[in-house]
Amino acid sequence: MEIAIIGTGYVGLVTGTCLSETGNHVTCVDINEQKVKMMQQGKLPIYEPGLEQLFHRNINNERLLFTTDLAGAIQNASIIFLALPTPPGGDGSADLSYVLGAAKDIACLISSYKVIVTKSTVPVGTADKVKAVFEKYTDVEVAVVSNPEFLREGVAVEDFMKPDRVVVGTTDQRARKLMADLYSPYVRQGNPIIFMDERSAELTKYAANSFLATKISFMNEIANLCELVGADVDMVRLGVGSDERIGKRFLFPGIGYGGSCFPKDVQALAKAADENNYDFRILNSVMSVNEIQKKILVEKLKKYYNGNLEGKRFALWGLAFKPETDDIREAPALYIIDELLKAGAVVVAYDPEAINNVKSQLADSILYANDLYEALVGTDALLILTEWSAFRNPDFDTIKLNMKDKVIFDGRNLYDLQKMEEHGFYYNSIGRQVVNEFKQQTV
Ligand code: UDX
């Protein structure tokens with residue numbers, strides 16, 4: 001099939017590359033000439049495990065092309081994906097100007113039936129707005145389909161190639177057939193393509209992300225309560241998650257959810273509810289719980305140091321909002337850094353992938369280390385903010401040698417409590433007993 005992808009951000013690039021893998025001829029369009037040139041030369045602008053191999057293979061097979069020429073890209077395409085940014089506008093609702101602008105450009109160029117697919121996360125009713133743009137600027141018939149993505153960064157290729165489900169919102173029979181053909185190789189393992197109307201598809205995406213964000217926030221509150229009543233959240237998590245109705249996944253407490261999707265989508269859904277005169281109470285609570293959770297480690301630090309962080313030196317392991325990505329959008333680490341700097345602390349940060357992104361945002365307001373042990377030299381405490389695999393089994397003797405004090409605040413519960421006790425660390429994690437609390441405080 002001939003496919004055009006408009007927008008080569010994270011979603012567009014993964015979608016385009018994975019669609020070319022099953023034999024489709026995919027042309028990806030972007031207005032950023034430099035980025036297009038880079039991709040034409042076989043360089044990927046993002047880090048995503050497994051993507052590079054598919055990207056090179058399909059470029060070499062001439063099934064994956066990059067261009068700034070919108071007219072050329074869409075001329076023969078039967079399906080055109082809109083994978084454009086929908087950043088939160090000033091009032092929290094999604095800004096549709098990129099999506100509607102592209103719709104207008106396409107409408108002015110097409111001369112035959114096209115299936116226009118919104119891949120970006122867009123508010124309910126966007127398909128109708130896109131349709132209205134086409135009706136205004138062309139007489140050519142189009143079907144506007146809502147096909148939300150459920151890709152997790154770090155495993156996006158796997159999520160695309162073997163999705164749990166594909167949601168397709170359309171009432172146009174021709175479009176339904178084309179979309180079924182396009183996705184059939186990806187649902188061979190028996191998972192469904194779920195067809196529905198456009199509005200339901202649009203809402204499904206927000207509902208899924210908001211539900212997951214709620215699940216995390218619920219566990220974060222349980223973790224906070226565990227600390228107060230002397231329970232262990234890891235045990236509670238296992239006990240609760242073994243009920244299949246709840247499930248084991250996505251129950252890990254931490255320092256709040258971040259990333260480019262959850263914060264934005266929860267906010268946008270609450271806003272959409274508000275616009276429809278519905279007070280979505282749970283979502284409002286989820287947002288406020290997350291705000292508090294992002295600062296939980298700083299609160300713990302302040303308590304430990306009797307409210308004074310001035311001049312303290314802290315090593316931060318992990319800056320990305322989650323492992324296996326260099327993405328720092330809405331990363332809890334950024335909020336923590338901000339609080340630490342405001343309190344007069346010195347921050348030395350290390351991350352396996354995200355350092356450059358942080359450098360371009362924070363410049364020299366913090367110090368950067370080249371490896372995890374270098375970050376620790378002379379520090380008062382280590383803060384673990386992202387659960388990278390490389391942090392899971394470090395050399396604790398080297399850690400002790402490098403640090404000034406043996407103090408760890410772990411926002412991701414990476415270590416066994418008994419091991420920390422044996423190593424003599426003061427170890428404060430999320431929803432678990434504090435290890436060596438009294439030993440350290442008498443030092
Ligand atoms: C998410 C959705 O999972 C995906 O389906 C959607 O299309 C895009 O948004 P992503 O943003 O890549 O994907 O990250 P995800 O792995 O879902 O994690 C989101 C946040 O929740 C991270 O900050 C992560 O640290 C946090 N999280 C996740 C927890 O705190 N605990 C958990 O148990 C799981």
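UniProt positions are given in the numbering used here, and such annotations may be inferred rather than shown by experiment. In this predicted model, the residues that an unreviewed UniProt entry lists under "binding site" are D30, K35, T86, T121, E153, K264 and R329. These positions are spread over 300 residues of sequence and are also spread in space, with up to 25.2 Å between C-alpha atoms.

Two of the listed positions, D30 and K264, were examined for their surroundings. D30 is found in the loop that lies between strand β2 (25-29) and helix α2 (33-40). Because a residue is buried if 20 or more other C-beta atoms lie within 10 Å of its own, D30 counts as buried with its 23 C-beta neighbours. Leaving aside residues up to four places away in sequence, D30 touches G7, T8, K35, V36 and T68, and K35 is itself among the positions listed in the UniProt entry. K264, by contrast, has its place in helix α11 (residues 262-275), and this residue counts as buried because it has 20 C-beta neighbours inside 10 Å.

The strand β2 that precedes the loop of D30 is joined by five bridges to strand β1, the two running parallel, and within this pair E2 stands opposite H25 in β2. Between the two strands the chain passes through helix α1 (residues 10-21), and the resulting β-α-β crossover is right-handed. Strand β1 (residues 2-6) is mostly covered, four of its five residues being buried. It also pairs with strand β4 (residues 79-82) in the parallel sense over four bridges, where I6 stands opposite L82 in β4.

Methods: Residues are numbered from 1 along each chain as its sequence is written. This is a predicted model: local features need pLDDT of at least 70, side-chain atom pairs count only at pLDDT 80 or more; totals for chains, interfaces and linings use all residues. A residue is buried if 20 or more other C-beta atoms lie within 10 Å of its own, exposed if 12 or fewer, and partly exposed in between; C-beta atoms are placed from the backbone. Two residues are in contact if their C-beta atoms, placed from the backbone, lie within 7 Å. Two strands pair if DSSP finds at least two bridges between them. A crossover is right-handed if, with the strands pointing away from the viewer, the path from the first strand over the helix to the second runs clockwise.
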